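Open the model in a viewer with the chain shown as a cartoon and side chains ready to switch on. The stops below each name a selection and then say what is there.

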Amino acid sequence: MGGFTAAGIAFNTVTTDQQAPLGFELTQENGQAGLRVWVYIQMTGGDAALGDVIGRVPGATYLGVAGAATNTKLSTLGVAQHSIPDASFGFILKSGQGSIKASAGVTAGTDLETAATSSVINFAGGAGTSHRVIGSSLVTAGAGVVPAMISCGV
């Protein structure tokens, strides 16, 4: 399975010093689930945990913040698939199959929209709200970290 940069940095490499350009994208084969695209960021304002939706810091390009609501797909950098401490550098999942934190129960095959506190909820629909959709749930489950197809950012 792929997932290394030419410099040998893996998708799950987390360091306190920058190892690649911010915004660098890494494509990884994921078997029958297709490809995963990872984006290299620096965390700020707190730690990222598995499944956290990571928002873009206003005015910055690839500084990520967890714990704040993201308002649009474009303001969402990706979803953490492993812990990244505050001020550290690492890859988060921009698109592909991964794990995402749901703040309420989700339904298999239902679109997921961003919600408060680094999580998603079932897409409720309504005029002008589809810009918040960043994925689709692969299971029906209660609140917690669930498998999903993820599609964030540009």
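Rings of Phe, Tyr and Trp, the last through its six-membered ring, pair if their centres lie within 6.5 Å. By that cut-off, a search of the whole structure turns up 4 aromatic pairs. The model is a predicted one.

**Aromatic rings**

Select F24, Y40, F89 and F91: these residues make up one aromatic cluster. Then show R56 and Y62. The charged end of R56 is placed over the ring of Y62, 5.7 Å from the ring's centre.

**The whole chain**

Go back to the cartoon and colour it by secondary structure. The chain has 0 helices and 11 strands, so the order of elements from the N terminus reads β-β-β-β-β-β-β-β-β-β-β. The C-alpha trace spans about 45 × 35 × 25 Å along its principal axes. How does the radius of gyration of the chain agree with that of a compact globule? For 154 residues a compact globule would have a value near 15 Å, and the chain, at 14 Å, agrees with this.

Among contacts in the chain with a separation of 6 or more, 55% join residues 24 or more positions apart. Switch to a surface view: the chain exposes about 6,800 Å², and 56% of this comes from carbon and sulfur atoms. Of the 154 residues, 42% count as buried.

**The cores**

In soluble globular proteins, nonpolar side chains tend to be buried together. Which residues touch the most other members of the largest nonpolar core? Select F91, I100, L112, V120, I134 and I150; these do so in a core of 20 residues. Strands β3 (35–43), β7 (89–102) and β11 (144–151) each supply at least two residues of this core. The most come from β7, which gives 5 residues.

Apart from this core lies another, of 10 residues, including M43, A48, I54 and L77. Select those four to find it.

Return to I150 and show everything around it. Leaving out residues up to four places away in sequence, I150 touches V79, Q81, L93, K94, S95, G96, G98, S99, I100, I134 and G135. Two of the residues in that list, I100 and I134, are also among the core members named for touching the most others.

**V14 in the first strand**

Select V14, which is placed in strand β1. Is V14 buried or partly exposed? Its relative accessible area is 31%, so V14 counts as partly exposed. Beyond its neighbours up to four places away in sequence, V14 touches H82, S83, I84, P85, S88 and F89. F89 also belongs to the aromatic cluster. A distance from V14 to M43 shows 11 Å between C-alpha atoms, with their positions 29 residues apart in sequence; M43 is one of the residues of the 10-residue core.

**P21 and A87 in loops**

Move to P21, in the loop between β1 (14–15) and β2 (25–29). P21 counts as exposed because its relative accessibility is 53%. Draw a line from its C-alpha atom to that of V146: the two are 125 residues apart along the chain and separated by 30 Å.

Select A87 next, in the loop between β6 (76–79) and β7. Most residues other than glycine have a negative phi. A87 is not a glycine, yet has a positive phi of about 70 degrees. The residue is partly exposed, with a relative accessible area of 41%.

**T110 and A143**

T110 is in the loop between β7 and β8 (111–115). With a relative accessible area of 21%, T110 is partly exposed, as buried means under 20%. Which residues is T110 in contact with, leaving aside neighbours within four places in sequence? Show N122, F123, G135, S136 and S137. The C-alpha atom of T110 is separated by 9.6 Å from that of A124, 14 residues apart along the chain.

The last stop is A143, in the loop between β10 (133–137) and β11. At 58% relative accessibility, A143 is exposed. Apart from residues up to four places away in sequence, A143 touches A102, S103, A104 and G105. Its C-alpha atom is 13 Å from that of S99, and the two residues are 44 apart along the chain.

Terms used: Residues numbered from 1 in each chain as written. Predicted model: local features only at pLDDT ≥ 70, side-chain atom pairs only at ≥ 80, totals over all residues. Heavy atoms only, no water. Phe/Tyr/Trp six-rings, centres within 6.5 Å; stacked < 30°, edge-to-face > 60°. Lys NZ or Arg CZ within 6 Å of the ring centre and 35° of its normal. Core = buried A, V, L, I, M, F, W, Y, C linked by side-chain atoms within 4.5 Å. Buried < 20%, exposed > 50% of the residue type's maximum accessible area, 1.4 Å probe, protein only. Helix = DSSP H or I, 4+ residues; strand = E, 2+ residues; numbered from the N terminus. Contact = heavy atoms within 4.5 Å. Rg over C-alpha atoms; globule rule 2.2 N^0.38 Å. Areas by Shrake-Rupley, 256 points an atom, 1.4 Å probe, with all protein chains shown as cover.
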